[in-house]
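This report walks through a protein chain for a reader who is new to structures. Please look at the sequence and the model first, and then follow the sections in order.

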Amino acid sequence: MKMVGESVENFGEPDEVSKTVQEIACADKDRDKDKVFPDIKVFFESLYHMLESTIGDQLTTQHREAWTTFSTTVVRAYKMGRGEDLHGIFETDPVPFTKRKEPEEVLESAGETESEKKKFTDSDVSAAKTIQKHFRGHHVRKRTKAVQKGTKVNLSTKGALQDSWGKLEGDQLQHGLKILSRMFLSKPDLLDQYSFKEDKAKCAYYVDFHGNHTDVPARNWFLLFREVFTAPKEALISVNVTAGVSGLLLRIIDNDSGKEIPTICNRPKPYRFTPNKLGYTFLCEGKTTEGALPGGKYRLRMVGDSPDLLAPVRDIPSCGVESNEIKEYYTPERHNVIFRYSVNVLADTPCTVQVSTSKSDVNFRVEIFDGDDLLFKDEGIGHIVIPCVTFYTDEDSSQKGRRTPQKTRAKSGTKSPGRTKASPIVPDPDSAPRKKSHRYIVQATVLRNTWDNNDSPWQSILDQILPKDVDAVSDRPTSGSIAEEKPSTPNKKRGAREEKSDPKKAAKPGQKAPSPAFDESKPYWVLRVCADAGEEVMLRRDTQREDEIKSIKAAWEELQPGRAAKAKALREKYLARKAEEKAKEKEEKPKEESRLSIGEGADAEAPKEDKSGAAAVSVSDIRPPSPKFYQIPPLFQPYVKGRDDDMLLFDDDEQVRHLDQHRTKVEEFHDERKNVLNGRNENRAQRNDMKEQLLLTAENMQVEVDTLRDDVFALRDTLRQKQLAEEAARLAAMEPEQVTTPSPKPPSAKKPKSPKGGKKGKK
C-alpha cells in the first residue's frame with residue numbers, strides 16, 4: 001500500500017513509477033519475477049474491488065477513469081523496464097475497472113417481437129466501425145495526455161487519484177489485507193509464490209459481540225440472550241460465550257431446516273456455516289445455583305478461518321429477552337395432563353418455551369398445537385426447552401401486528417440492518433400460505449406414571465388456603481380450586497410483613513382470604529415463554545372443554561326449562577339419603593360393639609350358671625348383621641372391574657380402547673418373546689463358536705505337547721545309545737585281564753569244619 005501511494009504521488013513520471021514497480025516485484029525474493037505481470041493484473045482487480053467495497057458510494061466516473069489510467073501507466077512502466085514493445089498500450093485496458101451492476105432498461109418499440117429482429121446493412125456496419133475508430137482515437141489521445149506531466153488531463157487525473165487515495169490513508173493495513181485476501185481468493189495458486197504461504201493456513205479471525213443481561217434470582221432457569229445471525233460466506237466457525245455464571249448452554253439452530261448444531265460437552269462443536277435464507281438462531285440458557293446472578297454483561301466470541309464471519313441482524317446491546325412465567329402446584333389428573341395453556345400474541349413473535357418440574361426424575365412430554373395441528377413435540381426428564389417456535393397472529397390482524405417495533409429499540413444513531421422488517425425467524429407470509437386463524441396450545445403430559453402421588457398432599461394445601469370455619473365454608477364459592485389461581489412469586493419483604501399480620505383480619509368481609517406464599521416443598525411445575533423485550537405474550541388457561549360443557553348445559557336448559565333445578569334437587573335428595581345411611585351405620589356400630597361385649601361377659605359366667613341350673617348365653621347365638629354388599633377378598637380385587645369410585649360407561653369407544661390395550665400387550669409380549677428367542681439363538685451360536693475355538697485350541701496344544709515329547713524322547717534315546725556304547729567298550733576292555741590273572745583268595749578264608757567223630761578225647 002505504501003508503494004502504491006508513492007506511485008500515485010509520482011503519477012506522470014515514468015522513471016519513478018518504473019522504479020516503484022520494480023521494488024514491488026522484488027519485495028519478496030522467493031517469488032518468480034517472470035510471473036509479476038499476471039500478478040499485477042490480479043492485484044489491480046483486487047485493488048478495484050477494495051475501492052468499490054470501501055468508498056464505492058463516493059467514486060465518480062472521473063475517479064474510475066483515473067484509476068484505469070493509473071493501471072495502464074503501471075503496466076507501461078513495467079514493460080519499459082523490461083524493454084518490451086509498447087505499441088497499442090493505450091488502445092485497450094489491461095485491467096478494466098469493473099463497475100457496479102445497475103438495472104438495465106430495455107427499450108422496445110411498440111409491436112416489435114423477438115422474431116422480428118432488425119437486419120443491419122453494410123452501411124450500418126461501416127458507420128459503427130467509423131464511430132468505434134474515432135472513439136478509440138479519442139481514448140488513446142486522452143490516455144497519452146494523462147501520462148504527460150503538466151498537461152491539464154494529467155493534473156485532473158492525478159487530483160482524482162490523490163482525492164480517492166486520501167480517503168484510504170487512515171487504515172492502510174486493513175485495506176492491504178483486503179487486497180491480499182481478494183488476490184488469494186481469485187487466484188489460489190498465487191499464495192504458493194509468497195514466503196508466508198505456511199502462515200495462511202494458521203491464520204484465524206475472531207469477532208466479539210457484547211450485550212447486557214438483567215438480574216436473575218437464585219435457583220432459577222434463565223435465557224441469557226437469543227439473537228439471529230446471517231452468514232455472508234461459507235466459513236468454519238467456533239463459538240464461545242462468557243458471562244458471570246458458569247454452566248451456560250449455547251444452542252445454535254438453522255432456521256431453514258430447524259435442526260440444531262451438534263454439541264460437545266454442552267458447547268457447539270466447530271461448524272461450517274453456509275449462507276441460508278433465514279439465518280441461524282443463537283440462544284444461551286443457564287441456571288443459577290444458591291446465589292442470585294446480578295445484572296452485567298456477556299461476551300459472544302466467534303473464531304473462524306475467514307474474515308467474513310457471522311453478522312447479527314440487529315443491534316445486540318439495545319435488545320433483551322423477557323420471560324413470562326407461570327408457576328403452579330401439580331394436581332394429578334386422570335389423563336396425566338400437567339397443564340394446558342393457550343398462547344396469544346399481538347404480532348408475529350419468535351419465542352422459546354421452557355417447562356420444568358419440581359421432581360427431577362419426571363418423564364413428561366411437551367406439545368405445541370395450532371388448532372388440531374401438532375407443531376412441536378419433545379420428551380424429557382425434569383426439564384424441556386423448545387428453542388425456537390414462532391407464534392403468528394391471525395390473518396385479519398397480521399397487517400396491524402407485523403413485527404416492526406424495532407425502531408423504538410435502537411438507542412444508538414447507527415442503522416441496524418434487517419430490523420425494520422420482520423425478524424428472520426419469521427418466514428415471509430407472501431412466500432408460504434398462512435392460516436386465517438391460529439389457536440396455539442402448550443400442553444405437558446406425564447409419561448409412564450413417573451409423577452404418581454399416592455399420599456395426596458393436596459388436602460393439606462387446601463386446608464391451608466381454604467378457611468376451616470363452617471360459616472366460611474358455606475360462604476365460599478364451590479367452583480374454586482388451587483389450580484385455577486396463579487400463585488404469586490415469593491417475596492422476602494412482603495412475606496415477612498404477611499407473617500406478622502393475621503390473614504383473617506386482613507381480609508375484608510365478602511372477600512377471599514389472601515393466598516400464602518408459594519410452598520416449593522409441594523410438587524409444582526413452571527412454564528416459561530421467553531420473547532424479545534417489548535413483545536406482549538399472553539398466557540391463559542385453556543378452558544375450551546369447560547366452555548363446551550357450559551354451552552351444552554345452556555342448550556339443555558333452553559330446550560328443557562327447569563332441567564338444572566330438577567337435577568340439583570335430585571342430587572341434593574341423593575346426598576341426603578346417603579347422609580342418613582351413614583348416620584344409621586354410625587348408630588348401629590356402637591350397639592353392635594355393646595352386644596359383642598355382653599356376649600363375652602355371658603360366656604365367662606356360663607360355668608356358674610350351669611351349676612345353678614340357669615340357661616347359658618353363647619356368643620355364637622349373637623350373629624353380626626349380614627353385609628349389604630359382598631366383600632371381595634383383597635387378593636381378587638385386581639381382577640374385578642368396577643371397583644373404583646368413578647363409574648365409567650363401557651360403550652363402543654371404551655371397548656375399542658380395551659381391545660387396543662389388549663392388542664398392544666399381546667404385541668409387546670410377542671416382541672419380547674421374539675427378542676428372547678433371538679437372544680437365545682445368538683447365545684447358542686456364541687457358545688458353539690466358543691466350543692469350536694476351545695476344541696481347536698486343545699488340538700493345537702496336544703500337537704505342540706506331542707512334538708515336544710518326541711523331541712525329548714529323541715534326545716533321551718541318543719543319550720542312552722551313547723551311554724550303552726561307552727559301557728560296552730569298558731566291559732570289553734576289562735574281560736582279558738580277568739582270564740590271565742585269577743583273583744587270589746583272601747587270607748582270612750576259613751577252613752571247613754571237621755566231622756563230629758573227630759572230636760578230642762576219643763580214640
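## A sheet of four strands

Phe229 stands opposite Tyr280, a residue of strand E8, and this facing pair is a convenient place to begin, bearing in mind that the model is a predicted one. Strand E2, which covers residues 221-230, and strand E8, which covers residues 280-287, pair in the antiparallel sense over eight bridges. In general, the strands of a sheet pair through backbone hydrogen bonds, and the pairing may be parallel or antiparallel.

Which strands make up the open sheet, and in what order do they come? There are four strands, arranged in the order E4-E8-E2-E10, and their pairing is antiparallel. The edges of this sheet are formed by strand E4 (249-254) and strand E10 (311-312), each of which pairs on one side only.

## Strand E4 at the edge

Strand E4 pairs with E8 in the antiparallel sense, and six bridges connect the two strands. Within this pairing, Arg251 stands opposite Leu283 of E8.

Is strand E4 largely enclosed by the rest of the structure or not, and why? Six of the six residues of E4 are buried, and E4 is therefore largely enclosed by the rest of the structure. The side to which each residue points can also be followed along the strand: Leu249, Arg251 and Ile253 point one way, Leu250, Ile252 and Asp254 point the other way, and all of them are buried.

## Charged patches on helix H17

Helix H17 runs over residues 652-740 and contains Arg687. This arginine belongs to a patch of positive charge on the surface, in which Arg673, Arg680, Arg684, Arg687 and Lys691 gather. Because its relative accessibility is 40%, Arg687 counts as partly exposed.

A patch of negative charge is also found on the surface, formed by Glu667, Glu668, Asp671 and Glu672. Of these residues, Glu668 can be placed in helix H17, and with a relative accessible area of 49% Glu668 is partly exposed, because a residue has to be over 50% to count as exposed.

## Salt bridges

How many salt bridges does a search of the whole structure find? The search finds 25 salt bridges, and a few of them are described here. The side chains of Arg301 and Asp208 meet in a salt bridge, with a distance of 2.8 Å from N to O. This pair links distant parts of the chain, since Arg301 lies in strand E9 (residues 296-304) and Asp208 in strand E1, 93 residues apart. Arg301 counts as partly exposed at 28% relative accessibility, and Asp208 is partly exposed too, with a relative accessible area of 25%.

Another salt bridge joins the side chains of Arg365 and Glu367, with 3.2 Å from N to O. Here Glu367 counts as buried, because its relative accessibility is 11% and the limit for a buried residue is under 20%. In helix H17, the side chains of Arg730 and Glu727 also meet in a salt bridge, at 2.3 Å from N to O. These two residues are three residues apart in the helix, so about one helical turn separates Arg730 from Glu727. Arg730 is partly exposed, with a relative accessible area of 42%, and Glu727 counts as partly exposed at 35% relative accessibility. Elsewhere, Arg219, Glu290, Lys327 and Glu520 are joined into one network by salt bridges that share partners.

## Two residues with positive phi

Arg219, named above as part of the salt-bridge network, has a phi near 50°, which is a positive value in a residue other than glycine. Arg219 is placed in the loop between strand E1 (205-213) and E2. With a relative accessible area of 51%, Arg219 is exposed.

Asn449 likewise has a positive phi, near 55°, and is a residue other than glycine. Its place is in the loop between strand E17 (440-446) and helix H10 (458-465). Asn449 is exposed, because its relative accessible area is 55%.

Methods:
Residues numbered from 1 in each chain as written. Predicted model: local features only at pLDDT ≥ 70, side-chain atom pairs only at ≥ 80, totals over all residues. Heavy atoms only, no water. Patch = residues over 30% accessible without salt bridge, like charges linked within 9 Å, V, L, I, M, F, W, Y side chains within 5 Å. Areas by Shrake-Rupley, 256 points an atom, 1.4 Å probe, with all protein chains shown as cover. Salt bridge = Lys/Arg side-chain N within 4 Å of Asp/Glu carboxyl O. Lys, Arg positive; Asp, Glu negative; His and termini not counted. Charge placed at Lys NZ, Arg CZ, Asp CG, Glu CD. Buried < 20%, exposed > 50% of the residue type's maximum accessible area, 1.4 Å probe, protein only. Pairing = 2+ DSSP bridges.
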